[in-house]
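Subject: Structure handover and notes

Dear colleague,

I am passing on the structure below, together with some notes to read beside it. Please keep it open as you go through them.

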Amino acid sequence: TQSAYFARGSAQAPTFRLEHTAAPIVRETCLSNGLVPVPDFEFCLMWSGPGLRDGCYRDLHEFQRVNHFPGSTELTRKDSMSEHLNDMANTFGEDTFDFIPETFVLPEQGSLFLSAYRRTAGLWIAKPSNAACGRGIVIFRHLSSAVLPLTEPAVVSRYVERPLLIQGLKFDLRFYVCVTQYEPLRAYVFREGLARFASAPYSVDDDSLTDVYRHLTNYSINKSAPNFSENSCVEQDNYGHKWSLSALNKHLKCVGADVNLMWTRIMDLAVKTLLAVEPTIGQRTRKVLDHSGVCFEIYGFDVLVDDRLKPWILEVNLSPSMQAESPLDWQVKSSLLSDAFNLVGVCNADYKTIRNSRARAQILQARVAHRRMVQERGSFTGLGSEPGEKRRSPKRGGKASRSAVSNAPLVLDTLSEGQLKMLA
């Protein structure tokens, strides 16, 4: 219970909680760094699989850390990400935001898609907007032979037909970006990541379009392939169907590719993608949270590089897998988590410090609620009026002026520090 937790004193080790997720690397990283698991919500760090309800954010004090921002699905849902990036392209020019393939949201933009489909020939790829692990993906050249995922919101995009290949295999890049705040935007790119390979030689022949082992690079799909090779030694990070990004960079340099140019383009893609959702997520965060610095997010960016070293964004993952599939996964993901936890400042606080923090939060919530009430009523509440002074109100059928509402007296402002502590 809360009282039992605080009774253990300020010497208690920092605590963590896993919520609706199986994340063994998160658990082991926390344990190896001295954090203790707790079943309740008196945690220092919480790692959740899905996003949290707004009420959960409002109950946080300033010394707690959670791994999601309110509204992060604006970036991680494929339809929302597409809409934000297209809005930015319309505002700043398509040449500036040319790293997303031509994409349409279904069913809303079905007629626009049909026009584009009839205008030019080529391959298309359809994906459910909120699915993961390659579920529901359809690649097609002719609509007559495709079964689109129209039972749920979906996106359909032009297929990148000329990806960069290694040993005849298609691959994508999974790199990680830790965002610690949105207003202003502050993000850190982890220097290591994973290159994930398809398990069958790439081909765009019509009879190969349904072969997921040729076209999809998801580990969850390719691990079932009969010839899939798992990395079994962290030192051999260029072996099998999953490499480290360091190993990929070394290979590309050996074959004469301009690795610096490729990564400059990828960093440009990452920054612009985050900027596209900064206003929306920032506004949502400001509305829900009383404290800055409580939320952080580790996004998994999936990027495909074509044969001209141009990166194309595929998707951004809200909760990238923290499973322990191989020694390479352990090495990359545990280092990622340790760096992220140091960045966000996971710390422990004693009962008195937390009590004062909660009191400040309650006072702030009361102020916000009072101002909102005054603005919604459009008149004075009469709080703080001098004895005998009549309560003022707007004329019949009118509304209070903006200046009058903003200058409405707030009773909390008149209380002393001792009274505020008693109120909390």
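What follows goes from the whole chain to a few helices and then to single residues.

Please bear in mind throughout that this is a predicted model. The protein has 424 residues, of which 46% are buried, and its secondary structure comes to 14 helices and 14 strands. Of the contacts with a separation of 6 or more, 66% are between residues 24 or more positions apart.

I would begin with helix α5, which covers residues 78–92, and which spans 21 Å from its first C-alpha to its last over 15 residues, close to the 21 Å expected at 1.5 Å a residue. Its buried residues are Lys 78, Asp 79, Ser 80, Met 81, Ser 82, His 84, Leu 85, Met 88 and Ala 89. Those buried residues pack against two helices, α4 (73–76) and α10 (259–288), and against the strands β5 (103–106), β6 (124–128), β8 (154–158) and β14 (311–317). Just after α5 comes Gly 93, with a positive phi of about 105 degrees.

From α5 one can move on to α10, the helix in which Lys 272 has its place. Is Lys 272 buried or exposed? With a relative accessible area of 17%, Lys 272 is buried, because buried means under 20%. Leaving aside its neighbours within four places in sequence, Lys 272 is in contact with Leu 85, Thr 96, Phe 97 and Phe 99, and Leu 85 is itself one of the buried residues of α5.

Helix α10 also meets helix α9 (residues 245–254), and the axes of these two come within 9 Å and cross at roughly 135 degrees, which makes α9 oblique to α10. On the α9 side the residues involved are Leu 245, Asn 249, Leu 252 and Lys 253, and they meet Val 259, Met 262 and Trp 263 in α10. The residues of this contact divide into five nonpolar, one polar and one charged. Within α9, Leu 245, Ala 247, Leu 248, Asn 249 and Leu 252 are buried, and the buried residues of this helix pack not only against α10 but also against β9 (165–166), β10 (169–182), β11 and β12 (242–244). After α9 comes Gly 256, whose phi is positive, near 90 degrees.

A second pair of helices is worth a look, namely α2 (residues 24–32) and α11 (residues 327–344), which pack at an angle of about 55 degrees with their axes 10 Å apart. These two helices are therefore oblique to each other, and α2 passes α11 in a right-handed crossing. Here Pro 24, Ile 25, Val 26, Glu 28, Thr 29 and Cys 30 in α2 meet Asp 329, Trp 330, Lys 333, Ser 334, Leu 337, Ser 338 and Phe 341 in α11. The residues of the contact divide into seven nonpolar, three polar and three charged.

Lastly, there is Tyr 202, which lies in the loop between β11 (185–197) and α7 (212–215). At 16% relative accessibility, Tyr 202 counts as buried. Not counting residues up to four places away in sequence, Tyr 202 touches Tyr 159, Val 160, Glu 161, Pro 163, Leu 165, Gly 168, Lys 170, Arg 214 and His 215. Tyr 202 and Tyr 213 are eleven residues apart in sequence, and their C-alpha atoms are 8.7 Å apart in space.

With best wishes

Key
Residues are numbered from 1 along each chain as its sequence is written. This is a predicted model: local features need pLDDT of at least 70, side-chain atom pairs count only at pLDDT 80 or more; totals for chains, interfaces and linings use all residues. Side-chain values use heavy atoms; hydrogens and water are left out. Helices (H or I, at least four residues) and strands (E, at least two) are DSSP runs, numbered from the N terminus. The expected span of a helix is 1.5 Å times one less than its number of residues. Buried means under 20% relative accessible area, exposed over 50%, partly exposed in between (1.4 Å probe, protein chains only). Contact means heavy atoms within 4.5 Å. Axes are lines fitted to C-alpha atoms, for helices over the stretch in contact, and angles run from 0 to 180 degrees between N-to-C directions. Angles under 35 degrees count as roughly parallel, over 145 as roughly antiparallel, 65 to 115 as roughly perpendicular and the rest as oblique. A crossing is left-handed if the near helix is turned anticlockwise from the far one by less than a right angle, and right-handed if clockwise. Ala, Val, Leu, Ile, Met, Phe, Trp, Tyr, Cys and Pro count as nonpolar, Asp, Glu, Lys and Arg as charged, and the others, Gly among them, as polar.
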